[in-house]
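Hi everyone, thanks for coming. I'd like to walk you through a structure that may be new to you, so have a look at it while I talk.

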Amino acid sequence: MRLYHGIDIVNVDRLRETMDRSAAFVEDIFTQEEQRYCLSHRDPYVHFAGRFAAKEAFLKAIGSGFTAIGIFRRIEISVMPSGRPALRLNGWLDNLMRRLNASGASVTISHTPEYAVSSVILLGG
Ligand SMILES: CC(C)(COP(=O)(O)OP(=O)(O)OC[C@H]1O[C@@H](n2cnc3c(N)ncnc32)[C@H](O)[C@@H]1OP(=O)(O)O)[C@@H](O)C(=O)NCCC(=O)NCCS
């Protein structure tokens, strides 16, 4: 059994500035469902920052370079009824998980008004 772990921290103001400058950035990074969830909150940017941190933490866990076009949208952070975040992977990322023989992923997010952090753990064969 092998454990894969990634962690990331995001400055909320810096992400807010980038998102306000570029609608294309928002569309490249966040799925429609993620946008809907974050925009339903009073301060959407802390929730966007938590999801951005989770996507980067996942990429660190699998040891990927961050270069593939559209990779961030293939990593979706969904929300369980309890509020707990979950990782939903699309396309070839799902295949990569199978190659790692990863049985599941655990993602956790925390934020203050200034920073969001996320940690992702995968269990591989
Ligand atoms: C879930 C809980 C631990 C979050 O802690 P917090 O200090 O308020 O907030 P944090 O910034 O550390 O974490 C927020 C993230 O926790 C995650 N989260 C929410 N509910 C969760 C749950 N049931 N299990 C795991 N993670 C959860 C989400 O990813 C959330 O980010 P998001 O809002 O962008 O989706 C806290 O709200 C709690 O204990 N809830 C259970 C009790 C409860 O519902 N109380 C209601 C108020 S009295």
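Let me start with one term: when I say that two residues touch, or are in contact, I mean that they have heavy atoms within 4.5 Å of each other. Please also keep in mind that this is a predicted model.

With that term in hand, let's begin at Asp8. You'll find Asp8 in strand S1, which covers residues 2-11. Which residues does Asp8 touch, not counting those up to four places away in sequence? They are Ala53, Glu56, Ala57, Lys60, Ala116, Val117 and Ser118. With Lys60 there is also a polar contact of 3.1 Å, side chain to side chain. Is Asp8 buried or exposed? Asp8 counts as buried, because its relative accessibility is 10%, and buried means under 20%.

Why begin there? The UniProt record, an unreviewed entry, lists Asp8 and Glu56 under "binding site". These two residues are spread over 49 residues of sequence, yet they cluster in space, with a largest C-alpha distance of 6.2 Å.

So let's move on to the partner. Glu56 lies in helix H4. Leaving out residues up to four places away in sequence, Glu56 touches Asp8 and Phe72. At 16% relative accessibility, Glu56 counts as buried too, because the cut-off is under 20%.

Now for the ligand. Which residues surround the ligand? Going along the chain, they are Tyr37, His47, Arg51, Ser82, Gly83, Arg84, Pro85, Ile109, Ser110 and His111. If you sort this shell by class, you get three nonpolar, five polar and two charged residues.

Where does the shell come from? Helix H4, residues 44-62, and strand S4, residues 104-111, each supply at least two of its residues. The largest share, three residues, is from S4. Helix H4, you'll remember, is also where we found Glu56.

Let's zoom in on some of the atoms. An N or O atom in the side chain of Tyr37 is 2.7 Å from an oxygen atom of the ligand. Arg51 has a polar side-chain atom 2.9 Å from a ligand oxygen. At Gly83, a polar backbone atom is 3.3 Å from a nitrogen atom of the ligand. How much of the ligand does the protein bury? Taken alone, the ligand exposes 910 Å², and the protein buries 40% of that.

From Arg51 we can step across to Glu34, as these two residues touch. Glu34 is in helix H3, residues 32-39. Its other contacts, again leaving out residues up to four places away in sequence, are Ile29, Phe48, Lys55, Ile75, Glu76 and Ile77. The link to Ile77 is a nice one to look up: the side chain of Glu34 reaches the backbone nitrogen of Ile77 at 2.7 Å. Glu34 counts as buried because its relative accessibility is 1%.

Ile77 takes us on to Ala54, which sits in helix H4. Ala54 and Ile77 are 23 residues apart along the chain, and their C-alpha atoms are separated by 7.5 Å. Apart from its neighbours within four places in sequence, Ala54 is in contact with Ile77, Val107, Ile109, Ser118 and Val120. You may recognise two of those names: Ile109 from the shell around the ligand, and Ser118 from the residues that Asp8 touches. Ala54 counts as buried because its relative accessibility is 0%.

For contrast, let's visit a loop. Pro113 is in the loop between S4 and strand S5, residues 115-124. Is Pro113 buried or exposed? Pro113 counts as exposed, because its relative accessibility is 57% and exposed means over 50%. Pro113 touches Val12 and Val46, not counting residues up to four places away in sequence. Pro113 and Asn11 are 102 residues apart in sequence, with 9.2 Å from C-alpha to C-alpha.

One last stop: Leu96, in helix H6, residues 92-99. With 18% relative accessibility, Leu96 counts as buried, because that is under 20%. Leu96 and Leu3 are 93 residues apart in sequence and 15 Å apart in space, C-alpha to C-alpha.

If you'd like one thing to try afterwards, trace helix H4 in the model: Ala54 and Glu56 both lie there. Thanks for listening!

How values were computed. Residues numbered from 1 in each chain as written. Predicted model: local features only at pLDDT ≥ 70, side-chain atom pairs only at ≥ 80, totals over all residues. Heavy atoms only, no water. Near = heavy atom within 4 Å. Polar contact = N/O pair within 3.5 Å; in protein donor to acceptor, adjacent residues only side chain to side chain. Areas by Shrake-Rupley, 256 points an atom, 1.4 Å probe, with all protein chains shown as cover. Helix = DSSP H or I, 4+ residues; strand = E, 2+ residues; numbered from the N terminus. Nonpolar A, V, L, I, M, F, W, Y, C, P; charged D, E, K, R; others polar. UniProt positions renumbered as here; feature names shortened; annotations may be inferred. Buried < 20%, exposed > 50% of the residue type's maximum accessible area, 1.4 Å probe, protein only.
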